[in-house]
Amino acid sequence: MQATHQERVINYFKSRSENGQGAISDYLSADTSQASVFVHNSDYLRLANKQYVVSRQVEQLKTCSQDAFFSSTLLEDDGLHAQLERRLGQYYGKECILTQSGYVANTGLVHALCEPGTHVYTDNFTHASFFDGLRAKANMKKHGSGLIIIETLYSSNGTFAPVKEVIALKQKYDCVLVVDESHTLGIYGTHGYLHTLGVEKDVDYITASLAKAFCTRAGIIMGNSALFVKENSFPYIFSSALTENDIVRLDSMLDVIKDSDDRRERLMRVSHELREGLARVARVIRTPIPSPIVCVEVDSELKVAKLNRHLASRGVAAAVFVWPTRPKHLPVVRMTTHSELSASDISTIIAAVSSYSNVSKL
Ligand SMILES: Cc1ncc(COP(=O)(O)O)c(C=O)c1O
């Protein structure tokens, strides 16, 4: 028999939060008010407060007379939103659709690409936003042509998808391939990971959250059938568009990202140093390709939360990744590195993890 709503609420709190305050307040959160080393947000190139970007946004706020509080479908063809989509399209060599977030990009793209019964191939670490879109329509089946969905760099463990092998499968079985580049766009070369591999033409659709290297509350879908996607994506049609201030911020970020080779190079160097240093004192997920996401594996959610609190007490703000972001038995502390991490920051993190491992085994 199906549980009532009230029973579901009670069962949830029983399993996740004994004090009834919610899992985050009960055991997952850490007091980071004294932290001086921040590895818990995705501003990889530390561009969020770039003067050029902020001044353009302030100027826009002073001069904008009327913003568009309606669906993107009603925007004008020559407005700032459409102009930026064209600029991004020229830059990335694909038609571009700007969305209100990366989550919306993924859910909306899946709405457009799937019909009831479409076969879909993906894996457990692909972002939840895709599954949200799939729940409504598709069939998770294991044969035949269909839709393949992967991420270049998996946000929940910092490892890479075998992109070239997946492209070969897509070609063999005549599938549509969607690749989420949230954690690589603007970070691997000026364009992204697929571009550095020289395979972006073999991918049908690329999506990304722009709340990572572009540090803007927005998302993007790139492909060759933008109009089809726009006209079949519910979040595009039924939710209000980005504001002009978001658009100006993104437009300025694109200028800055193009010009950030030194930051990209530094990001890769510091993340390598952190991963190697941590691997000497803890169980770290390794990857043959340099990855800015460094995860320490811990074998229970309670221990992961304890390690995270210990790090916070040592001045390090990291993030716990537990269910539903990770399988229940594979929680991690995730560190999202950034280009301004100093040698002393890296030593602080390693010392903090090491002092915890010494006290109690991970
Ligand atoms: C791989 C990936 N895709 C999509 C998203 C969703 O992006 P947004 O925060 O812009 O909604 C995220 C954010 O966590 C992500 O890591």
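## Packing of helix 3 and helix 11

In this predicted model, helix 3 passes helix 11 in a right-handed crossing. Helix 3 covers residues 51-63 and helix 11 covers residues 244-258; their axes lie 9 Å apart and pack at an angle of about 155°. Since angles over 145 degrees count as roughly antiparallel, helix 3 and helix 11 are therefore roughly antiparallel to each other.

On the side of helix 3, the contact is formed by Tyr52, Val53, Arg56, Gln57, Gln60 and Leu61. Helix 11 contributes Glu244, Asn245, Val248, Arg249, Ser252, Met253 and Val256. Sorted by class, the residues in the contact of helix 3 with helix 11 are six nonpolar, four polar and three charged.

## Domain organisation

The domain assignment of the protein chain gives two segments, 18-47 and 261-359, to domain 1, and residues 51-258 to domain 2. Taken over C-alpha atoms, the centres of domain 1 and domain 2 are separated by 27 Å.

Across the boundary, 21 residues of domain 1 are in contact with 17 residues of domain 2. The elements that supply two or more residues to the side of domain 1 that touches domain 2 are helix 12 (261-279) and strand 8 (293-297). Strand 8 gives the most to this side, with three residues. By class, the residues of the side of domain 1 that touches domain 2 comprise 14 nonpolar, four polar and three charged.

## The three-stranded sheet

Strand 8 also belongs to an open sheet of three strands, which has the order 8-11-10 and antiparallel pairing. Strand 8 and strand 10 (319-321) stand at the edges, each with a single partner strand, so one side of each has no neighbour in the sheet. From one strand to the next, the twist averages 35°. Strand 10 and strand 11 (residues 332-336) run antiparallel and are joined by three bridges. Val320 has Val333 of strand 11 as its bridge partner.

Two helices are associated with these strands. Helix 12 lies across strand 8 and strand 11, running at about 10° to strand 8. Helix 13 (residues 301-313) packs on the sheet and touches strand 10 and strand 11, with its direction making about 40° with that of strand 11.

## The six-stranded sheet

A further open sheet is formed by six strands in the order 2-7-6-5-4-3, with mixed pairing. The edges are occupied by strand 2 (95-99) and strand 3 (120-121); each has a single partner strand, so one side of each is left without a neighbour in the sheet.

Strand 4 (residues 147-151) pairs with strand 5 (residues 176-180) in the parallel sense over five bridges. Within strand 5, Val178 is the bridge partner of Ile149. Helix 4 (residues 80-92) packs on the sheet, where it touches strand 2 and strand 7 (219-223). The direction of helix 4 makes about 135° with that of strand 2.

## Backbone features in loops

Two loops contain backbone features to be noted. A cis peptide bond, with omega of about 10°, joins Trp323 and Pro324. Pro324 is found in the loop between strand 10 and strand 11, the strands that are joined by three bridges.

Asp174 has a positive phi of about 55°, although this residue is not a glycine. Asp174 lies in the loop between helix 7 (163-173) and strand 5, and strand 5 is the parallel partner of strand 4.

Conventions:
Residues numbered from 1 in each chain as written. Predicted model: local features only at pLDDT ≥ 70, side-chain atom pairs only at ≥ 80, totals over all residues. Domains from an automatic or database assignment. Contact = placed C-beta atoms within 7 Å. Helix = DSSP H or I, 4+ residues; strand = E, 2+ residues; numbered from the N terminus. Nonpolar A, V, L, I, M, F, W, Y, C, P; charged D, E, K, R; others polar. Axes fitted to C-alpha atoms, helices over the stretch in contact; angles between N-to-C directions. Parallel < 35°, antiparallel > 145°, perpendicular 65-115°, else oblique. Left-handed = near helix turned anticlockwise from the far one by under 90°. Pairing = 2+ DSSP bridges.
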